[in-house]
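Me: Please give me a close look at one part of this model, with a little context about the whole beforehand. Which neighbours does that part have, and how is it built into its surroundings?

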Amino acid sequence: MKKLMFVFLAVLLVAGAAFAGGQQDDGKTVIGALIRNTDEQFVADYADVLKGLAEEKGVELNLQDSRGDMALQLDQLNTLLSQGVKYFVVVSNTTEATGDIAKKIQAQGGGAAFSNIQPSVEALKVGPNFYLASSPESVAGEIQADILDKYFKAHPEKLANGDPDALDAIFLYGQLGHPAQTYRTNAVKQGLIDAGYKLNVVAEDTANWKPDEAQAKMDTWLAAFSGEFDVVIANNDGMALGAVESLLTAGYVDDPNDPSKDVDGDGIVLKVPVVGVDATQVAVKSMEEKKLYATVLQDAVGQATTAFELAYMMATEGSATGKKAWGLSPLSAPIDESPANDAAVAGQCYLVPFKAVTPDNYKDFMN
Amino acid sequence: MKQLAKPSIGGFISKYTGYVTFVVMVIVLGILTRGGSLRLLSWQNLAIAESVRAFGALGVGMIIITRGIDLSLGQVIGLSACVSASLAQTPDYVSALYPGLDLPAIVPVIAGIGVGVLFGLFNGFLVAYGKLPPFIATLGSMTIAAGLQLIYTHASTVGSLQNEYKKIAQGFLGPVPNMVIYVAIAVLFLWVLLNHTKQGKRIYAIGGNPTAARVSGIAVKFETMKVYLMAGTLYGFAGVLLSSRLGLANALTGDMMELDAIAAATVGGVSHSGGVGKIGGIIIGVLTLGLINFGMTYLGVDSYYQLLVKGAIIISAVYLDMRRAA
């Protein structure tokens, strides 16, 4: 039984000793990073950029991954605050929690920059040291809609499948209830409707962000809805590529005799366009092979750098109000999207642009 | 090695391994954080963080004592959190699930507990009367609860809860967080139940040897059902506390909490062979894992490595538990 005790102690001591090193440097600037879930590619990239920047600037970064658990994120915040950490970079689990997060940080006289998941207007109103450094998720959906609008304007004959008057779409969702899933989905649907399409959802289901699940779903749908859909829209590139694999395997291409040939000149070898979000390197490679049609880059480097610079300015100069971060200026006037739609806090909003990655420009995104 | 009546240090440590481990960990962490982890604020944070898990671990701990298991815990807590939250939203919140609804805080509390009670009955029925293996029965109800959460919330966050409701979990009585008081009440109740009532003896008897328990006249099915019901009630209340504490709930609330709770009960000395386990042990198990989480966050241990450490601890605890039982 004493072994149990020994194991606990050994583990704690090893962990403690290995990492307590950074604790000894008093006087070093400390920034806390609360990150919702590094299982997701964008968030993982974001966290990596933060680590790199911290090293570059000699900042001690305490980065915590809450693995999608809002309660855990709150615990992590409490722990860091109790240690005296004042300035934070936050990728929250949900917009609704940002108000409470900001209030807790404000109570300690600190500040925070929120990325990826938008903070609420209420959170930014907590004080001038709370910033938005993000490209709201819904914009990714809007850009998907925009890319598809241009595609179908250029190739109206591609709308002929299923209901010829409607845009017949198949949707692959991320984990249901995940903010990126909800915002991206709603925005792409609304964007297509706003662009004047009659949207007909042929099939929709979650594939939990995963290529293999998406491929299996697409296999089933191909058996059921072959020839009845115009487009496949996925919440991320992983699932989009799963769908692409399924379509290729089933020979759902322009020329089944030569699946690498784009017969109809729409830029892809598949019969229908497939779009994703993230612009991962695999996805861009697939675009080069004319398989995936398009994706959207949510700029992890831009968001992480903007947020980090804001937190760094607060920690070293006391405030970042009105200053430039990653070369971006704060908004001078409100825009349509929350929280930057409130004039009172527009000056605390730094909008990092999303980028459409299409057959015309994908080469710029290859590493 | 049989301990004689004569007290000895070895015997004490052996009997109270869990407690001794915890105390030593507190001291070691105190040294590593140069006293930071010993401050009142740190203890308050730890207690608040672990309260909801404590309810889960107490519930599943009792079930494990009867040789069962409950995988539905996290999702039931999540569903309870969503249902209670939906009845506690501020009436002027435009995105509320029921806009304009303004109920006294007791209503969402009861509704949340009700969710737990229903799932407790459902699980208990499947296991005790349907004779389904608990792992499979609760795997099914876990999936059902997850589905209901998504359907009920339309997969969006149920936020903007009324202050009166948030105070239930966020309030303090002097320096003591309300959450700790609720846990203390549950602990006291269950401790009396397990140690000083006939029902407690029956629960241990069923876990120790179900056949012998039946032969000796215990209504095994009914008693098993009651254990799942009690656990469900605890989960229901845990869900209420979770939504009150977070001020929101969504379909991911409570996700995977079953694993933490089962791990805590196991680390706390509840044997998966059945019939063995104490309420104090379960709480120490919860606090031990909580302290590890807290300590690693405090020391800035990389989140990825935190998972390795947690996994290693769970495996060692079960390994030692098996050797003890053998």
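Reply: **Helix α5 of chain B in its setting**

Chain A exposes about 13,700 Å², of which carbon and sulfur atoms supply 52% (Shrake-Rupley method, 1.4 Å probe; for residues, only the protein chains shown count as cover). This is a predicted model, in which local features need pLDDT of at least 70 and side-chain atom pairs count only at pLDDT 80 or more, whereas totals for chains, interfaces and linings use all residues. Residues are numbered from 1 along each chain as its sequence is written, chains are lettered from A and ligands numbered from 1 in the order written, and side-chain values use heavy atoms, without hydrogens or water.

Chain A holds 11 helices and 12 strands (DSSP runs numbered from the N terminus: H or I of at least four residues for helices, E of at least two for strands). Of its 367 residues, 59% are buried (under 20% relative accessible area, with exposed over 50% and partly exposed in between; 1.4 Å probe, protein chains only).

The part chosen here is α5 of chain B, residues 106–129, whose 24 residues should span 34 Å at 1.5 Å a residue; the end C-alpha atoms lie 33 Å apart, which agrees (the expected span is 1.5 Å times one less than the number of residues). Its buried residues include the glycines Gly112(B), Gly116(B), Gly120(B) and Gly124(B), along with Val109(B), Val115(B), Phe119(B), Leu126(B) and Val127(B). The buried residues of α5(B) pack against α4 (73–86), α6 (134–153), α7 (163–170) and α11 (220–246) of chain B (contact meaning heavy atoms within 4.5 Å).

One of these partners, α11 of chain B, contains Ser244(B), which is buried with a relative accessible area of 0%. Apart from neighbours within four places in sequence, Ser244(B) touches Tyr165(B), Lys166(B), Lys167(B), Ile168(B), Ala169(B) and Gln170(B).

Before α5(B), the loop between α4 and α5 of chain B includes Ala96(B), which counts as buried because its relative accessibility is 8%. Although Ala96(B) and Ala85(B) are 11 residues apart along the chain, their C-alpha atoms are separated by 9.9 Å. At the other end, just after α5(B), Lys131(B) takes a positive phi of about 55°.
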